[in-house]
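Dear colleague,

Here is the structure I said I would pass on. My notes on helix packing follow below it.

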Amino acid sequence: MTSLPVNRGRWSPQRWRAVVTAALLAAALAGCSSTAPDLDTDAAQKLQAKVLTVSQSAAGNDHAGALKSLDELVAELDASAAEGSVSFKRHQSITKAIEAVRADLTAAKVQAEADAAAAKEAAAAAKAEADAAAAKAAAEEAAKQAPAPVLPPAQDNSGSGNKGKGKSDD
């Protein structure tokens, strides 16, 4: 499987829409003509509706929703194949395209989760730094505004109250 081009680690919604739609629609509709009944018209319409749901979720960066919609697409594909509306050959080619899209969506979901975790860590670190700076500023401000300590008056040891201290009257 070839890797799809990535725009600085993030896919734009337009790119997701284009990739998902192109991959699944091409696989679902390729070879659909009057001489090759590999895919019944009703089945094609149902699959296209599911592809649209996957595309919209992916375009909105809802990777979990896109993966869920992809599972629904697989279920619809399997049901259509069981009814005979999709040939074995077409089923295999669509399944292959779905798995390629699933791999890309899963990778995008993992990357988005890692980006979110990194952003959360960075926000927590920035908050801790801001809290520390605010505490330091508050402490400095409190020190500036605190009144100077009042010292008790010094006692004079040179008065008459010291007679006899240190001397014995015997």
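H3 and H4 are roughly antiparallel to each other, because their axes cross at roughly 165° and an angle over 145 degrees counts as roughly antiparallel. The axes come within 9 Å, and the crossing is left-handed. Please keep in mind that this is a predicted model.

On the H3 side, the contact includes His63, Ala64, Leu67, Leu70, Val74 and Leu77. H4 contributes residues including His91, Ile94, Ile98, Leu105, Lys109 and Ala112. By class, the contact of H3 with H4 has 14 nonpolar, four polar and four charged residues.

One of the charged residues there is lysine 109, found in helix H4, which spans residues 88–145. Is lysine 109 buried or exposed? Lysine 109 is partly exposed, at a relative accessible area of 28%. Beyond its neighbours within four places in sequence, lysine 109 is in contact with His63, Ala64 and Leu67. From lysine 109 to leucine 67 the C-alpha distance is 9.3 Å, with the two positions 42 residues apart in sequence numbering.

H3 (residues 63–83) also packs against H2 (residues 41–59), at an angle of about 170° and with the axes 8 Å apart. That makes H2 roughly antiparallel to H3. Among the H2 residues in this contact are Ala43, Leu47, Lys50, Val51 and Val54; among those of H3 are Gly65, Ala66, Ser69, Leu73 and Glu76. The residues of this contact divide into nine nonpolar, five polar and four charged.

Regards

Terms used:
Residues numbered from 1 in each chain as written. Predicted model: local features only at pLDDT ≥ 70, side-chain atom pairs only at ≥ 80, totals over all residues. Heavy atoms only, no water. Axes fitted to C-alpha atoms, helices over the stretch in contact; angles between N-to-C directions. Helix = DSSP H or I, 4+ residues; strand = E, 2+ residues; numbered from the N terminus. Parallel < 35°, antiparallel > 145°, perpendicular 65-115°, else oblique. Contact = heavy atoms within 4.5 Å. Buried < 20%, exposed > 50% of the residue type's maximum accessible area, 1.4 Å probe, protein only. Left-handed = near helix turned anticlockwise from the far one by under 90°.
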